[in-house]
Amino acid sequence: MEDLRVNIGSLELANPVMTASGTFGYAREFESLMDLRRLGAVIVKGISLHPRDGNPPPRIAETACGMLNAIGLQNVGVDRFIREKMPYLATLGVPVIVNILGDSLEEYAEITARLAGVPGVAGIEVNISCPNVAKGGVAFGTDPQMAAAATTAVKARAAVPVMVKLSPNVTDITVIARAVEDAGADSVSLINTLIGMAIDLRRRRPALANICGGLSGPAIKPVALRMVYQVAAAVKIPVIGIGGIASATDALEFLLAGATAVQIGTANFVNPAVSEEVVDGIAAYLRAEQLPSVQQLIGGLLVD
Ligand SMILES: Cc1cc2nc3c(=O)[nH]c(=O)nc-3n(C[C@H](O)[C@H](O)[C@H](O)COP(=O)(O)O)c2cc1C
């Protein structure tokens, strides 16, 4: 029997396959479509201090080998999340990682404080791709000092390991990764969506009401792999790979590039049971290669 266990700092996962924030709701939506207990971990939709309605429609557009979304971080807010969503999530028997977002350092700190001690919360993933309203809308994730400050604010109040989710919309992602590592992040996850745009020629209008949106899906995989490879070489903390993963082959490539675990996002919309299939596919690969443990693959890329 292959050993699929991986450790993200102090957090042990039964396997390296997680669901990516915003593509798996609050997990209950998928309970009739797959066996949720087979997941390495569940990462829930981004939670803010107050409920958000998100952007006006259209908020999604299909593109070549991917999709654009401008959901605008619609969510029920941290208090309703704790009251209405966490009790179910806590019964799943797999680690639940709560993705959080804020418009200011105070918001990041307050959400973290409210999540401290809530039963079932195994980790926090900090989305730093949102604009800091207090600082004129510059995204936390594009400035190393602001990224570090958000990490510090969360770490100071977190009762569980903290994973910081990096934005790819920067010149050198390793600078941000090192900044959040120095600020105490227990791990980094990457990548979030790449900013893109689509045009509806018939209407001569942007395909999204928000004009720009986040590109995800197979189209972004090579960019994500490159960034995971670079970040894994630049930091000592575990790196979680995200971006266009739709098969066990994709996931295994990220592990070789240096990821300790992976997250599956857009592929859930195409095949809601994809995560389970990726877990089975990783086990089958280990069997075929006669490798006893998935850990032997992590960072095992051969470069001549
Ligand atoms: C519809 C949609 C909603 C998303 N919402 C969030 C979110 O709330 N927080 C977050 O950190 N990332 C969010 N993401 C980004 C994904 O978690 C992931 O980083 C990205 O889509 C790349 O992975 P993929 O190519 O496997 O989808 C969202 C992505 C999509 C497509």
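How many of the 10 residues of helix α6 are buried? Seven of them are, so to speak, under cover, and the helix is mostly covered. We'll come back to α6 below, once the rest of the fold is in place. Keep in mind that this is a predicted model.

## The whole protein

Let's begin with the parts list: the protein has eight helices and 18 strands. Its C-alpha atoms fill a box of roughly 55 × 50 × 45 Å along the principal axes. Is that what you'd expect for a compact globule? With 304 residues, such a globule would have a radius of gyration near 19 Å, and the protein's 18 Å agrees with that.

Buried residues make up 54% of the 304 residues. The accessible surface comes to about 13,100 Å², and carbon and sulfur atoms account for 54% of that surface. The chain also brings together residues from far along the sequence: of the contacts between residues at least 6 apart, 69% join residues at least 24 apart.

## The barrel

Now for the barrel. Eight strands close into it, in the order β3-β4-β7-β8-β11-β12-β17-β18, with parallel pairing. On average, neighbouring strands here are turned by 25° against each other, ignoring direction. As a bit of background, strands of a sheet pair through backbone hydrogen bonds, either parallel or antiparallel.

Zoom in on one pair: β12 (residues 187-190) and β17 (residues 239-242) run parallel and are linked over three bridges. Within that pairing, Val-188 stands opposite Val-239 of β17.

## A look at Ile-242

Ile-242 also sits in strand β17. Is Ile-242 buried or exposed? Its relative accessibility is 5%, and the cut-off for buried is under 20%, so Ile-242 counts as buried.

Along the chain, Ile-242 and Leu-190 are 52 residues apart, yet their C-alpha atoms are separated by 5.3 Å. Leu-190 is also one of the residues that Ile-242 contacts, in a list including Ala-20, Lys-165, Phe-254 and Gln-263.

## The nonpolar cores

The largest nonpolar core has 94 residues. Those with the most contacts inside this core are Met-18, Phe-81, Ile-128, Leu-166, Leu-190 and Ile-282. Take Met-18: leaving aside neighbours within four places in sequence, its contacts include Ile-8, Ala-41, Ile-97, Met-163, Ile-240 and Val-262. There's also a second, separate core of six residues, among them Ala-61, Leu-68, Ala-198 and Leu-208.

## Helix α6 and its neighbours

Back to the opening helix. Helix α6 (residues 248-257) packs on the barrel sheet, where it touches β17 and β18 (261-264), and its direction makes about 140° with that of β18. The buried residues of α6 are Ala-248, Asp-250, Ala-251, Leu-252, Phe-254, Leu-255 and Ala-257. What covers them includes α5, β17, β18 and α8 (274-288). Right after the helix comes Gly-258, with a positive phi near 125°.

One residue of α5 is worth a look here: Lys-221, in the helix spanning residues 221-234. Lys-221 is buried, with a relative accessible area of 14%. Its contacts beyond four places in sequence are Gly-243, Gly-244, Asp-250, Glu-253 and Phe-254. Asp-250 and Phe-254 are also among the buried residues of α6.

## Helix α2

Which residues of helix α2 (residues 105-115) are buried? They are Glu-107, Tyr-108, Ala-109, Ile-111, Thr-112 and Leu-115. These pack against strands β4 (41-47), β7 (96-100) and β8 (121-127), as well as helices α1 (78-89) and α3 (144-157). Just after α2, Gly-117 takes a positive phi of about 85°.

## The open sheet

Besides the barrel, four strands form an open sheet, in the order β5-β6-β16-β13, and here the pairing is antiparallel. Why do β5 (60-63) and β13 (194-197) each have a side without a neighbour in the sheet? They stand at the edges and have a single partner strand each, so one side is left free of a neighbour. Neighbouring strands in this sheet are turned by 40° against each other on average, direction ignored.

At one edge, β5 pairs with β6 (residues 66-69) in the antiparallel sense over four bridges. One detail to find in the model: the bridge partner of Thr-63 in β6 is Gly-66.

Note on methods
Residues are numbered from 1 along each chain as its sequence is written. This is a predicted model: local features need pLDDT of at least 70, side-chain atom pairs count only at pLDDT 80 or more; totals for chains, interfaces and linings use all residues. Side-chain values use heavy atoms; hydrogens and water are left out. Two strands pair if DSSP finds at least two bridges between them. Helices (H or I, at least four residues) and strands (E, at least two) are DSSP runs, numbered from the N terminus. Axes are lines fitted to C-alpha atoms, for helices over the stretch in contact, and angles run from 0 to 180 degrees between N-to-C directions. Contact means heavy atoms within 4.5 Å. The radius of gyration is taken over C-alpha atoms; the globule rule is 2.2 Å times the number of residues to the power 0.38. Buried means under 20% relative accessible area, exposed over 50%, partly exposed in between (1.4 Å probe, protein chains only). Accessible areas come from the Shrake-Rupley method with a 1.4 Å probe; for residues, only the protein chains shown count as cover. A nonpolar core is a set of buried Ala, Val, Leu, Ile, Met, Phe, Trp, Tyr and Cys residues joined through side-chain atoms within 4.5 Å.
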